[in-house]
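Me: Please take a close look at one part of this predicted model. I would like a connected account of the polar contacts and salt bridges there, followed by their setting in the chain.

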Amino acid sequence: QRLPPKNVYYYRCPDHRKNYVMSFAFCFDREDDVYQFAYCYPYTYTRLQHYLDNLQKRNMDYFCRELLGLSVQQRQLDLLTITNP
């Protein structure tokens with residue numbers, strides 16, 4: 001689940017030598033739940049598939065891509081093997 005943009009703050013912080021800081025507001029509403037947070041630059045599934053397609057076309061002997069199955073959204077779940085030729 002994504003946090004709403006209105007709850008995410010990105011600013012220069014005087015307490016950290018004016019470096020940028022990202023913080024967010026979140027309410028822990030269920031005591032028994034486990035909460036985990038992750039941040040990454042958005043990298044779309046489509047972009048990943050194009051990248052993997054390009055790698056596969058290069059026929060490198062140390063790269064292998066196999067279809068493991070499909071996700072709930074019917075998207076490919078790839079198994080990548082990268083090894084010494």
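Reply:

**Polar contacts and salt bridges around Arg65**

Apart from residues within four places in sequence, Gln49 has Arg65, Gln76 and Asp78 as its contacts. The model in which these contacts occur is a predicted one. Gln49 belongs to helix H1, which spans residues 45–57. Its relative accessibility is 11%, and because the limit for a buried residue is under 20%, Gln49 is classed as buried. One of its contacts is also polar: the side chains of Gln49 and Asp78 are joined at 3.4 Å.

Asp78, the partner in that pair, is part of strand S4, residues 76–82. With 21% relative accessible area, Asp78 is partly exposed; this class applies because the value falls between the limits of 20% and 50%. When residues up to four places away in sequence are set aside, Asp78 touches Gln49, Leu52, Arg65, Glu66, Leu67 and Leu68. The side chain of Asp78 takes part in further polar contacts. One of these, at 2.9 Å, is with the side chain of Gln76, and another, at 3.3 Å, is with the side chain of Arg65.

Arg65 is the next residue to consider, and its place is in strand S3. At 11% relative accessibility, Arg65 counts as buried. Its contacts, again without residues up to four places away in sequence, are Gln49, Leu52, Asp53, Gln56, Gln76, Asp78, Leu79 and Leu80. Gln49 and Leu52 thus appear in the contact list of Arg65 and in that of Asp78. Among the polar contacts of the Arg65 side chain are one of 2.8 Å to the side chain of Asp53 and one of 3.1 Å to the side chain of Gln56.

The charged pairs can now be taken in turn. Arg65 and Asp53 form a salt bridge in which the closest N and O atoms are 2.8 Å apart. Since Arg65 is in strand S3 (residues 63–70) and Asp53 is in helix H1, this pair ties together parts that are 12 residues apart in sequence. Asp53 is partly exposed, its relative accessible area being 29%.

A salt bridge also connects the side chains of Arg65 and Asp78, with an N to O distance of 3.3 Å. Here strand S3 supplies Arg65 and strand S4 supplies Asp78, so the pair ties together parts that are 13 residues apart in sequence. Taken together, Asp53, Arg65 and Asp78 are linked in a network of salt bridges. Within this network, Arg65 is buried at 11% relative accessible area, whereas Asp78 is partly exposed at 21%.

The count for the model comes to 3 salt bridges. Among them is a pair formed by Arg30 and Asp33, whose closest N and O atoms are 3.8 Å apart. Arg30 is exposed, with 54% relative accessible area; the class follows because this value is over 50%. Asp33 is partly exposed at 39%.

As for the wider setting, the UniProt record, an unreviewed entry, carries the annotation "domain: Peptidase M14" for residues 41–85. Over residues 41–85, helix accounts for 29% and strand for 33%, and the end C-alpha atoms lie 32 Å apart. Asp78 and Pro42 give another distance: their C-alpha atoms are 19 Å apart in space, while the two residues are 36 residues apart in sequence.

A surface feature completes the picture. Val8, Tyr10, Tyr20, Met22, Phe24, Phe26, Phe28, Phe37 and Tyr39 form a nonpolar patch with about 980 Å² of accessible area together. Strand S1 (8–13) and strand S2 (19–24) each supply at least two residues of this patch, and S2 gives the most, with 3 residues. Phe24, one of the patch members, lies in strand S2. Its relative accessibility of 37% makes Phe24 partly exposed, and Phe24 meets the accessibility condition for the patch because that condition is over 30%.

How values were computed:
Residues numbered from 1 in each chain as written. Predicted model: local features only at pLDDT ≥ 70, side-chain atom pairs only at ≥ 80, totals over all residues. Heavy atoms only, no water. Patch = residues over 30% accessible without salt bridge, like charges linked within 9 Å, V, L, I, M, F, W, Y side chains within 5 Å. Areas by Shrake-Rupley, 256 points an atom, 1.4 Å probe, with all protein chains shown as cover. Salt bridge = Lys/Arg side-chain N within 4 Å of Asp/Glu carboxyl O. Helix = DSSP H or I, 4+ residues; strand = E, 2+ residues; numbered from the N terminus. Buried < 20%, exposed > 50% of the residue type's maximum accessible area, 1.4 Å probe, protein only. UniProt positions renumbered as here; feature names shortened; annotations may be inferred. Contact = heavy atoms within 4.5 Å. Polar contact = N/O pair within 3.5 Å; in protein donor to acceptor, adjacent residues only side chain to side chain.
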